[in-house]
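Grab a pencil and work through a few short exercises on the structure below. Try each task yourself before you read its solution.

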Amino acid sequence: MAKTYLSYDLKLEGDIKSQGDIEIDGAVKGQVSAKSVNVLGSGYVDGSVSSDSLAVEGKVDGSVNTNDLSIAATGQMKADVVYQSIATTKGAKVEGTLKTK
């Protein structure tokens, strides 16, 4: 599967669904569903994320359902999160509920 990249200057309102990987460096308002989602440093998701793996270097607000969650030192999450495994780096900011699968 090819990787989908959403550039830093892209602002999208709507839902995104992919069977592959998505890298978000812009802003998405809506639902994001993919095998792997990477919210890059200037990336922002306002809505929901559903994936096998989620890496957050930017910002996520809303709800998350993932198996493998990784939050970098620059990552910020205000979300209700359902996950199987989680890794955070010192400096990561998480606000909301965390529930294991």
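The exercises below deal with a predicted model, and each comes with a worked solution.

**Exercise 1. Find the strand that holds Glu-23, and work out which strands pair with E4 and in what sense.**

Step 1: Start with the residue. Glu-23 sits in strand E4, which covers residues 21-24.

Step 2: Look at strand E1, residues 3-6. E1 pairs with E4 in the parallel sense, over four bridges. As a concrete spot to check, Thr-4 stands opposite Ile-22 of E4.

Step 3: Now turn to E5. E4 and E5 also pair in the parallel sense, again over four bridges. Here Asp-21 has Ser-36 in E5 as its bridge partner.

**Exercise 2. How many salt bridges does a search of the whole structure find, and which side chains meet there?**

Step 1: The search of the whole structure turns up one salt bridge.

Step 2: Its partners are the side chains of Glu-23 and Lys-3, at 3.4 Å from N to O. Glu-23 is in strand E4 and Lys-3 in strand E1, so this pair ties together parts that are 20 residues apart in sequence.

Step 3: Check the cut-offs. A salt bridge needs the nitrogen within 4 Å of the carboxyl oxygen. The 3.4 Å between the Glu-23 and Lys-3 side chains is listed as a polar contact too.

Step 4: Fill in the surroundings. Leaving out residues up to four places away in sequence, Glu-23 touches Lys-3, Thr-4, Tyr-5, Leu-6, Asn-38 and Leu-40.

**Exercise 3. Asp-25 has no salt bridge: is it buried or exposed, and how far away is the nearest side chain of opposite charge?**

Step 1: Place the residue. Asp-25 is in the loop between E4 and strand E5 (27-39).

Step 2: Asp-25 is buried, and the nearest side chain of opposite charge, Lys-3, is 12 Å away.

Step 3: See what its side chain does meet. There's a polar contact of 3.2 Å with the side chain of Tyr-5. Beyond four places in sequence, Asp-25 touches eight residues' worth of neighbours, including Tyr-5, Ser-7, Gly-41 and Ser-42.

**Exercise 4. Where does Ala-72 lie, and which residues does it touch?**

Step 1: Ala-72 is in the loop between strand E7 (59-71) and strand E8 (76-83).

Step 2: With a relative accessible area of 23%, Ala-72 counts as partly exposed, because buried means under 20%.

Step 3: Not counting residues up to four places away in sequence, Ala-72 touches Val-56, Glu-57, Thr-89 and Ala-92. Its C-alpha is 8.4 Å from that of Gly-58, 14 residues apart along the chain.

Key:
Residues numbered from 1 in each chain as written. Predicted model: local features only at pLDDT ≥ 70, side-chain atom pairs only at ≥ 80, totals over all residues. Heavy atoms only, no water. Helix = DSSP H or I, 4+ residues; strand = E, 2+ residues; numbered from the N terminus. Polar contact = N/O pair within 3.5 Å; in protein donor to acceptor, adjacent residues only side chain to side chain. Contact = heavy atoms within 4.5 Å. Buried < 20%, exposed > 50% of the residue type's maximum accessible area, 1.4 Å probe, protein only. Lys, Arg positive; Asp, Glu negative; His and termini not counted. Pairing = 2+ DSSP bridges.
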